[in-house]
Amino acid sequence: MPRWGCRFIVMASILVIALTMVIYPIVAQVHIPGAVGDLWTDKGGQGYNVDDGSYRLFETIIFYFEFDVRVSYPCLRFIGPYGEVSPLCMTLAPEPGKTYNIPIYFNEERDIGEWTIILEATLEESNERVEVDRLRIWITGETTTTTTTTITTTEEELEVDVYTNKGGRGLNVPDGTYYVGERVTIYCSVNSAVDDLRVVLYKPNGERLILHQGSWPGGTFQTSGTAGYPLGERKVICRARKGSDFVEDVTLFVVEEKHEECKLEITDVSIEPYPVRVGDRFRVGVTVRNIGSSSVCISPHLDFHIEWYPRDSLKAHPLLCGTPPQELPPGGEMGAGYCGSLEALKPGIVTLRITVSGCVGHTPPGETCCGCESPEVSCTATKEYDLEILPREEFKVDIWTDRGGQGHLEPDGTYYVGEYGEVYFEANRRAYVHVYEEYPGGIIKLYEGWIDGNRVYRISGTYKAPPGDRLFVIKAEDEYGHGAYDECLVHVIAEETVTTTITTTSTITETEYAEETTYTTVHVWTTTTKTKWVESNAYTTTTVTRTTTTWTTVTTTTTVTSTSSYTSSAAIAFTAIPATAAFLKARRRWRKK
């Protein structure tokens, strides 16, 4: 049957990478000759219903097609010697006038014969399924012959040897074992030119296949084919005749069914983002494990299929993906997923039915694409997943400070220049946000980037000059393109100057030893908050010289400037120190509110 290999996936001009093997019912088709498009191959066939050439088994056939009108879901149908096989359908909407191509090949002996290929599509305007064009090709068996000439003398004894690419060299030496679908090459070596060389293959069911009959110039005859049915032992006889001399050799090989185990399981289903609400677009992915005994080829996108129930719960938004098949060894895991996104349409439980398919195969040395073995051994893994779609929640953001403002467009409190403050913001779902501050001198960006939903973020700092209103703003956009906005207004006022005047009056009795007395203001305290006192270390010194032995009155005044808006207080102490050893201490305390 026809095979579409991995080579087409890496060709930029081939847009059938997203084919999903959708099988359409071949019924109620409308035939519009020459009015929709054309189908041809690399050997011809352009024009409506024009036949093409012939191809050998395993020879690559490139099908080209284009459309004159807008269509969707094009399919190629293959009808051959043993009936119709599964069509090749593509989930794409081709552009009119643009040429697309798909390479395929035929790989089984039963494929030999005439094939009709039909191009169908759905008209976008009328939604009718139509036959666009058809052509015929012919598949022939592949036999290649190489000749090596050997110069001999008439006295040389005639010798032949028949063998395969798995052994059997020597007279009547048996060969090895081949599996169905495996390549077999048969050789017959003759040491001189002969009048007749006859190479015959005998199958277990009695069928006889003549590989060569006729004269031969000497050297090695070679032919290749694919091991097929029936199973069992094959006999190859190579008989040469030169004049009246006859010589022959026989080799045997066996064809068996290769029992490959292809077994997959889906171990995990991921939904991103989650949870899902009405209107959200989300992606579906799975983890696939190979639990069989053979390596399996899987395309992470092309071999991923998804259905859902109820059907009106979701809407598909497919993309064109072309990841080539990758080899998954026994016990290995890989990710696969839907190429595109699904949109939630209504709340409730929707059942996802996910299928991942693969085939036994390997990645040839030096290549990056895994190819299925022939005959193909395929397998699938299916998993159902119940997804809850939540009602649509309005996308919201909020911004506020440590003095209030929570809620949509709520104002905040008042700060002074130089005062410390904190700004908070959050969103009710993951979003990309812009947070900035508008102030009399311009705009300052405070934060830009992604934040998680229902998580409070904080920015702190000191309010700088100039005074005036500050508007804190948050603008956000979630992962689905929904926007949200909030702002918070605060007032910043200038510093307040408080002047405190301290007047201390003291009367000191002079002693007979005192020449002069020094009065010193030692400490001054002011409040910067309602509870914190700061020592200002303001010193005022007043000296009074004795003039009489009577009472002396000394007045000391200290002025203290405070930037606090709260009650300003001060305390003053002074010491009278005579010139002699005698001293007198006096302390006064004064408070002004």
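In this predicted model, R289 counts as partly exposed, at 29% relative accessibility. The side chain of R289 forms a salt bridge with E333. The closest N and O atoms of this pair are 2.5 Å apart. R289 lies in strand β21 and E333 in strand β26 (residues 333–337), so the contact ties together parts that are 44 residues apart in sequence. E333 is also partly exposed, with a relative accessibility of 44%. Both values fall between the 20% limit for buried and the 50% limit for exposed, which means that neither label applies to R289 or to E333.

Strand β21 spans residues 281–290 and has a further partner in β27. The two strands run antiparallel and are joined by 2 bridges. In this pairing, R281 stands opposite E343 of β27. Strand β27 also pairs with β24 (residues 314–318). Here 5 bridges join the strands, again in antiparallel orientation. K315 stands opposite E343 in this pairing. E343 of β27 is thus placed opposite R281 of β21 and opposite K315 of β24. Strand β27 itself covers residues 340–344 and is mostly covered. Of its 5 residues, 5 are buried. In a regular strand, side chains alternate between the two faces of the sheet.

A second long-range salt bridge joins D478 and R429. Their side chains meet at 2.7 Å, N to O. The pair links distant parts of the chain, 49 residues apart. D478 belongs to strand β37 (residues 468–478). R429 sits in the loop between β33 (420–427) and β34 (431–439). Both D478 and R429 are buried, whereas R289 is partly exposed and so is its partner E333.

R134 and E131 provide another case. Their side chains meet in a salt bridge of 2.9 Å, N to O. The two residues differ in exposure. R134 is partly exposed, at 32% relative accessibility. E131 has a relative accessible area of 10% and is therefore buried, since the limit is 20%.

Salt bridges also occur as a network. R430, D452, R455 and E479 are linked in this way. In total, the count comes to 22 salt bridges. Among them are the pairs R289 with E333, D478 with R429 and R134 with E131.

Notes:
Residues numbered from 1 in each chain as written. Predicted model: local features only at pLDDT ≥ 70, side-chain atom pairs only at ≥ 80, totals over all residues. Heavy atoms only, no water. Buried < 20%, exposed > 50% of the residue type's maximum accessible area, 1.4 Å probe, protein only. Helix = DSSP H or I, 4+ residues; strand = E, 2+ residues; numbered from the N terminus. Pairing = 2+ DSSP bridges. Salt bridge = Lys/Arg side-chain N within 4 Å of Asp/Glu carboxyl O.
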